[in-house]
Amino acid sequence: MPSLLGVFAHPDDECLLAGGVLAQHAAGGARTGVVTATWAPDSHRADELAEALAVLGAGRPRMLGYGDARNTSSAPGRPRLCDASLGEVILQLVAQLREFRPDIVVTHDAIGQLTGHPDHRHTHRVTLLAVEAAGLAHLYPEAGEPWQTRALYAATHPHSGVGDLGPLLAGVGKTVLSVPEAYVTAAVDVTPWAEQKWRAILAHRGEVARERPLPGILARLPEDNRRRIISTEYFTRLAPGPVPGDPLQLTP
């Protein structure tokens, strides 16, 4: 199976949005990994992330260490991800891409998934820029030898895929955002890896213990309901780099 690198905003996003696909690729013998944009590498959430990645077979944490837009204690002394220099964030991410050299990159969608978190949206933006830059030798030469990812996917939720999550999130005062069906290019049944995905989610104990975060919401559900929610993952394929033979149509 092709190697897979997830690029997500917070510890636990990797499990919730692509835990099944990460476990699936690891089980197939592929190299898998996760870059996490926020929270300090010496925080409690970093320890939980390391445990979750071990469950998924996704290697060690790769944390950029920026602050969470909604938690001032997430990375003391560091700027929030949304406030950091765009060039600096892209440089760090290009270095990760060139080191790992993934066939596939998975990140957030443009609306920031169901809740529209600003860190999700910004991670989507910088990942698109970094995937393109990583393949160009004249951009960020200090970040290593160029590498062109073959495929880029955005984890998302179609209107029909919100299901039970809609009222659950609304019940704790969260916005519920989704995309048209046509925006989804892959709906992956990860039922064989659902139990592994759930164990990885449970590793994020701090979020499981809280009322409003999705891990905590899922932990309070009956097992059948929870399994139904976490057993399908949705993605939109985006196009990194040039597409050979794709003509530019300049006339109507």
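**Close-up 1. Helices α1 and α2 pack at an angle of about 35 degrees, with 9 Å between their axes.** This view, like the others here, comes from a predicted model. On the α1 side, the contact is made by E14, C15, G19, L22, A23 and A26, and these meet L49, A52, L53 and L56 of α2. Sorted by character, the residues of this contact comprise 8 nonpolar, 1 polar and 1 charged.

**Close-up 2. The largest nonpolar core has 43 residues.** Look here for L56, V106, L165, L214, L218 and F235, which touch the most other members of the core. Helix α1 supplies the largest share, with 7 residues. If you centre on L214, you will find L16, L165 and L169 touching it, leaving aside residues up to four places away in sequence.

**Close-up 3. A second core of 22 residues is separate from the largest one.** Among its members are V7, A37, L93 and V126.

**Close-up 4. Helix α6 spans residues 194–202 and has five residues to look for: A194, K197, W198, A200 and I201 are buried.** Seen down the axis of α6, these buried residues fall within an arc of 160 degrees, so they line one face of the helix. What do the buried residues of α6 pack against? Their helical partners are α1 (13–27), α2 (44–56), α7 (205–208), α8 (214–219) and α9 (223–230), and they also pack against strand β7 (232–238). Helices α1 and α2, shown together in the opening view with their axes 9 Å apart, thus reappear here as partners of the buried residues of α6.

Methods: Residues numbered from 1 in each chain as written. Predicted model: local features only at pLDDT ≥ 70, side-chain atom pairs only at ≥ 80, totals over all residues. Heavy atoms only, no water. Buried < 20%, exposed > 50% of the residue type's maximum accessible area, 1.4 Å probe, protein only. Helix = DSSP H or I, 4+ residues; strand = E, 2+ residues; numbered from the N terminus. Arc of directions from axis to C-beta. Contact = heavy atoms within 4.5 Å. Core = buried A, V, L, I, M, F, W, Y, C linked by side-chain atoms within 4.5 Å. Axes fitted to C-alpha atoms, helices over the stretch in contact; angles between N-to-C directions. Nonpolar A, V, L, I, M, F, W, Y, C, P; charged D, E, K, R; others polar.
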